[in-house]
Amino acid sequence: MYNKKWLGALGIVCKMNLLVQLGIFLLHKGSYWEGTYRYMGTYTDPNQLGFAVISTLSILFLLRDKWKYLFVLVAAILIVQTSSGGMLIALCILVSLDGLIMLKKAMDNGGISYTLIFLTILGTGAVILLIMLDIIHIDWDHFRISDKLSGNKSALQSFIDDRALNVAQEHPEYFLFGYGEGFSFPRYGHSEEMHSTWISLCYYYGVLPFCILLAWIYTNVRNIKLYMIPVYCAVFLEAFTLVNHRQASFWMIILLANVCCQNDGKHEYYDEFKYKERKSA
């Protein structure tokens, strides 16, 4: 991962990923979750598609790809179709924080960046145009936000029910030594799988392994640069609704912090170092 050519190839693959999923959606070749309105493309679950889109876009942000905001539009189209509220929040966090950083840099340099203004106008206009042409059809009721916040239950209880964390609520002792990961919890009559969140990871494996995982994540991301903060804020905050640790891109984002936080002036990439070593020999 310290090879510049490999990182360049990774960026190309990420962009192809998003374009392929967009093409499948526009050609109406993708699938929907059990015949419902929730689009899942070539994946087996709409949340999986949403997380794949967010994590792929996050990698482009880490690589500082110059076309990243074009792919923000692609990501927005796909995420809206999945009706995944958590992924939509993650996208808003990512773009908002990155925009604030761009604005701060522009103000430090003595003025507002024309590039930022152009991208904002272009992005807003493109989304409005796609909605007016009915290429993107948005039914906000599908995000079930009002259902989650309304009713007699508290916001916390609604969150527990929505993430299928009821078994953890009823039997908290497993936070100490772990319940084990699986599709259902037949011992206690729960047929639904817990959504993959920070809470469920702690419940699956126990508090000690979970703390080891958090310590490992911290050692990777502790030296991140300012431009990387939006990515990790979006991914880690969204992980309270869906961490999706089964997708490799989640682990790639954590490991890429080691590469992207390096100062190119002080640390040479591995391939360049080996080249100079051979030349010296």
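Helices are runs of at least four residues assigned H or I by DSSP, strands are runs of at least two residues assigned E, and both are numbered from the N terminus. The legends below describe close-up views of a predicted model.

**Overview: the protein has 14 helices and two strands.** Of its 281 residues, 41% count as buried. The surface that the protein exposes amounts to about 15,900 Å², and carbon and sulfur atoms supply 65% of it. Among the contacts with a separation of 6 or more, 69% are between residues 24 or more positions apart.

**Helix α1 (residues 4-26) and its surroundings, with Ile12 as one of its residues.** Helix α1 has 23 residues, and from its first C-alpha to its last it reaches 33 Å, close to the 33 Å expected at 1.5 Å a residue. Its buried residues include Leu7, Leu10, Gly11, Cys14, Leu18, Leu22 and Phe25. Lys15 and Gln21 also belong to the buried residues of α1. The partners against which the buried residues of α1 pack are the strands β1 (31-32) and β2 (39-41) and the helices α2, α3 (68-82) and α13 (248-260). Ile12 counts as partly exposed, because its relative accessibility is 47%, which lies between the limits of 20% for buried and 50% for exposed. Ile12 and Asp65 are 53 residues apart in sequence, yet their C-alpha atoms are 9.6 Å apart in space.

**Ser58 in helix α2.** The relative accessibility of Ser58 is 0%, so this residue counts as buried. Which residues does Ser58 touch, not counting residues up to four places away in sequence? They are Leu94, Val231, Val235 and Ile253.

**The largest nonpolar core, with 64 residues.** In soluble globular proteins, nonpolar side chains tend to be buried together. Within this core, the residues that touch the most other members are Leu57, Leu62, Trp198, Met228, Val231, Tyr232 and Phe236. Helix α2 (residues 46-62) gives the most to the core, contributing nine residues.

**Trp198 and the aromatic cluster to which it belongs.** The cluster is formed by Phe51, Trp198, Phe210, Trp216, Tyr232, Phe236, Phe250 and Trp251. When residues up to four places away in sequence are not counted, Trp198 touches the aromatic residues Phe210, Phe236, Phe240 and Phe250, and also Ile217, Ala239 and Val243.

**Aromatic pairs, of which the whole structure holds 16.** One of them joins Tyr174 and Phe177 in an edge-to-face arrangement, with 5.5 Å centre to centre and 70° between the planes. The pair counts as edge-to-face because an angle over 60 degrees is required. Where do the two residues lie along helix α9 (residues 174-177)? They are three residues apart, so about one helical turn separates them. An α-helix has 3.6 residues a turn, so residues three or four places apart point the same way. Tyr174 is buried, with a relative accessible area of 10%, whereas Phe177 is exposed, with a relative accessible area of 55%. A second edge-to-face pair is that of Tyr204 and Tyr205, with 6.1 Å centre to centre and 75° between the planes. Tyr204 counts as buried at 2% relative accessibility, while Tyr205 is partly exposed, with a relative accessible area of 41%.

**Tyr174 of helix α9 beside Tyr203.** Along the chain, Tyr174 and Tyr203 are 29 residues apart, and their C-alpha atoms are separated by 6.1 Å.

**Arg64 over the ring of Tyr227.** Arg64 lies over the face of this tyrosine, at 3.9 Å from the ring centre.

**Positive phi angles at His28 and Asn244.** Most residues other than glycine have a negative phi, and most peptide bonds are trans. His28 has a positive phi near 60°, although it is a residue other than glycine. His28 lies in the loop between α1 and β1. Asn244, likewise not a glycine, has a positive phi of about 50°. Asn244 is found in the loop between α12 (229-238) and α13. Are these two loop residues buried or exposed? His28 is exposed, with a relative accessible area of 70%, and Asn244 is buried, with a relative accessible area of 8%.

Technical notes. Residues are numbered from 1 along each chain as its sequence is written. This is a predicted model: local features need pLDDT of at least 70, side-chain atom pairs count only at pLDDT 80 or more; totals for chains, interfaces and linings use all residues. Side-chain values use heavy atoms; hydrogens and water are left out. Rings of Phe, Tyr and Trp (its six-membered ring) pair if their centres lie within 6.5 Å; planes under 30 degrees apart count as stacked, over 60 as edge-to-face and the rest as tilted. Buried means under 20% relative accessible area, exposed over 50%, partly exposed in between (1.4 Å probe, protein chains only). A charge sits over a ring if NZ of Lys or CZ of Arg is within 6 Å of the ring centre and within 35 degrees of the ring normal. A nonpolar core is a set of buried Ala, Val, Leu, Ile, Met, Phe, Trp, Tyr and Cys residues joined through side-chain atoms within 4.5 Å. Contact means heavy atoms within 4.5 Å. Accessible areas come from the Shrake-Rupley method with a 1.4 Å probe; for residues, only the protein chains shown count as cover. The expected span of a helix is 1.5 Å times one less than its number of residues.
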